[in-house]
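User: Could you take a close look at one helix for me and walk me through how it sits among its surroundings?

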Amino acid sequence: MNNNFKTFFRKDSSRSTYNITSTIQLMLHFNEKAKRNPITGYILVSLGVLLSASSGSWDITNHLLNKPETFFSPPHAGIYIGVAIVLSGSVMVLSRYYRSSSIISNNDHYINKLIDLPLPMKLVTIGVVMLVSAGPFDFAWHSAFGLDGLLSPSHSVLTIGMAVSSIGALLGMLSSNNDQNNNDNNNKSRKFNTSITTNSSFSSSSIVDSTNNDDNNTSHAVSPILIIIGIVPIWITVSGLIHMASLPFSDTEYFNFNPDPTLAAIIATLAFPFIVSFILFSSFQLSVRSRRAKRMFGILSITGIVFIIINLTTAILTNEYLVPTIPFYILNIIPIVAVDILLSKLSTPKTKIVNYVAGAVIGSIFFTLYYPLITHTYNEVLSNSQTVWPSLTSSIYFKMIDKIYPLMVIPAVVTGIVATIISSKLIQDKN
Amino acid sequence: MSKPFLSKAVPVITNVTMSALEVRLGKSFNIFVTSTNQGDTADIQIVSISFPNLTRIGNGNIITIKNRNFTQEPEFIEIGDDIGSKYSGLSEITTAKYPFIEFFSRPWKTDTIYQSEIEIKPPVVGKFMIFIKAVSLPYNNEFSHYPHTGIKDHQEEFVDTYYVNVKN
């Protein structure tokens, strides 16, 4: 790779053919590696969902600003490119499974083949079916009823499909990585057995010890990147579902799917802190468990920063009136990193109080983390509320903080703590 | 942190041109309206053209939009539709007493010009009235609407008045 990089910048024209050939060879090499790696398909599914869900967030802001007239807007393009990537990832996952599986006979009915799929693949398949069917469903809905709101049957199918796919992809990455490590360990033990028979001077106890050490150091080791790639799309899509249930953007010419304002505020107050705490705490737990390390700083922070960047790009930068509030929004990084430091320094299986404090802190920041869209949700329950125009969003938000936040901080803290308990339980049960 | 910026748009109808001030019954005339924003970018700015003499405009026989360059599709409001009033957007609702067309852009940037041309075939003899106004939202002060004075329409908002004599 480095040799190819350097040769690109040499002026010798006789090397140009060599550069192109070696680059193509490199790309083919990576392509072959990717096809053999069971995780590749799941990564594509996660990345595709991430693109779709982020574009969906952009689309909400686009609608607020520009009331787009056309189906073919840039955010819609992002959504459907993301769906295409998810589809290609799912095809890769399923085709590799059917090619390599020794359990399934060619005579099995295709229904049996689907039923026998491992859980991650089932979830990805179900999610993809929903995603793909959401497209024509959405087009038909637009054709029949004109512009639809945020909450509509077709949008619900799309978002639930994305959530299911992304959960399947994360589980698939985790389980594929375990399978691969087990295969690697089996191969290593076979090599050790061979060396025992040929090198009788080695003592059997030292070989057993070294084999056990390999198990402890390499099994269940998941790349931190995979945890982030797998978990962020889940966060974005589930947040999208909560937005659909709480934002007042669903009153259209034919249907009014706007949620009751009080119910919407309750949903937002309980669900957003839960998902923030669950996702961030789970990212920490997964990184600790995968490395068999007691504490693991960084993954929680990076996961939070990725979410902040996505929201910044899709909901804040797109509205010129909100650009001056970027420094305020970036301050969200501070409690996230603080919690990461707290957990990585102090968290142990016995010191649950540390986990609860972490859950409380990250649950309580949901109101700033979900700025600016959350303004619309809580504005509906304020007396004498004014229309949340794009140019007034930040001023309305900052005025409502002292009225709204004292009422919701305690439920946010409680649900943040509950989320850490549930996350710990789920991840412990899986292991 | 610095005080959040509050947009103050200033809508202005800069030109209204009528192709004729007198027409025979059964003949049409054109009205050409030019408007701009002389303040900050408006989240939304509306040019409203009302027809107090008409009972409806939706069938396309009387009113035809010949040209427009607004960023959004115009809205056609008929008698009985719920509409906003007193420059409040939809915070204070009233009922339309005559039909009108709303041309709007969203957003409407500073010094950007938008125009519309409408062909009108009056159905009856007499003085055919047209009300024209512009409003920017969010509404901030008396400069968020145009004109600033004059008669008020069914939305209790100021309008400029134009008319064409229709004869046999």
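Analyst: Let's start with a cut-off: a residue counts as exposed if 12 or fewer other C-beta atoms lie within 10 Å of its own, and as buried if there are 20 or more. Keep in mind that this is a predicted model. The part to look at is helix 13 of chain A, residues 333–346.

Length comes up before anything else. At 1.5 Å a residue, the 14 residues of this helix should span 20 Å, and the end C-alpha atoms are indeed 20 Å apart, so expectation and model agree.

Now for the sides. Buried in helix 13 of chain A are A:Ile336, A:Val339, A:Asp340, A:Leu343 and A:Ser344. Look down the helix axis and those buried residues fall within an arc of 125°, which means they line one face of helix 13 of chain A. On the other side of this helix, A:Ile334 and A:Lys345 are exposed.

What do the buried residues of helix 13 of chain A pack against? There are three partners in chain A: helix 10 (261–291), helix 11 (299–316) and helix 14 (352–364).

Putting it together, you can picture helix 13 of chain A with one face lined by its buried residues, and those residues packing against helices 10, 11 and 14 of chain A. A:Ile334 and A:Lys345 sit exposed on the other side. If you're colouring the helix by burial, A:Leu343 and A:Ser344 go with the buried set, whereas A:Lys345 goes with the exposed one.

Technical notes. Residues are numbered from 1 along each chain as its sequence is written. Chains are lettered from A and ligands numbered from 1 in the order in which they are written. This is a predicted model: local features need pLDDT of at least 70, side-chain atom pairs count only at pLDDT 80 or more; totals for chains, interfaces and linings use all residues. Helices (H or I, at least four residues) and strands (E, at least two) are DSSP runs, numbered from the N terminus. The expected span of a helix is 1.5 Å times one less than its number of residues. The arc is that of the directions from the helix axis to the C-beta atoms. Two residues are in contact if their C-beta atoms, placed from the backbone, lie within 7 Å.
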